[in-house]
Amino acid sequence: MLKVRVINGPNLNLLGVREPGIYGDNTLEGIQNMLREAAPGYGMELDFFQSNHEGAIIDSIHEAFQQGFQGIIINPGAFTHYSYAIRDAVSAVKLPTIEVHLSNIHAREEFRAKSVIAPSCIGQISGLGADSYLAALYALHRKLSK
Ligand code: DQA
């Protein structure tokens with residue numbers, strides 16, 4: 001079984017009530033349940049982490065490395081656009097990481113179009129709603145099975 005950590009950043013704990021016109025009606029728990037169900041089909045075991053705090057997200061990335069995880073799926077929320085520290089953490093642990101976004105960050109405010117974290121990731125999936133996470137699961141499975 002491939003061990004993969006799914007990390008969600010600030011305000012994503014409010015999914016379901018937070019701007020549903022942009023982020024959809026799914027709660028974070030709903031998305032996590034969907035991923036948990038899909039994971040065995042990809043030979044994966046998932047572990048979930050959410051925090052509103054930058055340092056806690058960095059610690060979670062370090063732990064994923066120390067605990068022998070094989071990959072990371074991360075929605076860094078607004079940290080996407082300015083957290084060099086999270087970017088450095090992803091680069092430091094060298095685990096294949098996919099950045100995901102529910103909304104299409106390229107079709108919104110200008111500041112959202114830039115991710116400072118994506119260059120440290122193997123790829124970015126944006127704009128597919130909850131399916132962005134499913135697509136990341138598929139892509140990481142393909143990457144790790146090679
Ligand atoms: C987001 C996009 C970010 O710009 C925003 O700050 C979020 C959510 C998304 O999933 O679409 O918190 O990462």
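Author: A residue is near a molecule if one of its heavy atoms lies within 4 Å of it. This is a predicted model, where local features need pLDDT of at least 70 and side-chain atom pairs count only at pLDDT 80 or more, while totals for chains, interfaces and linings use all residues. Residues are numbered from 1 along each chain as its sequence is written, and side-chain values use heavy atoms, with hydrogens and water left out.

Reader: Which residues are around the ligand?

Author: Among them are Arg-18, Asn-75, Ala-78, His-81 and Arg-112.

Reader: What makes the Asn-75 side chain a polar contact of the ligand?

Author: A polar contact is a pair of N or O atoms within 3.5 Å; within protein, one must be able to donate a hydrogen and the other to accept it, and residues adjacent in sequence count only if both atoms are side-chain atoms. A polar side-chain atom of Asn-75 lies 2.8 Å from a ligand oxygen, so the pair meets the 3.5 Å limit. For the side chain of Arg-18 the value is 3.0 Å. For a polar backbone atom of Ala-78 it is 3.1 Å.

Reader: Why is the Tyr-42 and Tyr-138 pair called edge-to-face?

Author: Rings of Phe, Tyr and Trp (its six-membered ring) pair if their centres lie within 6.5 Å; planes under 30 degrees apart are stacked, over 60 edge-to-face, the rest tilted. Here the centres are 6.4 Å apart and the planes 70 degrees, so the pair counts, and as edge-to-face.

Reader: How many aromatic pairs does the whole structure have?

Author: The search finds 2.
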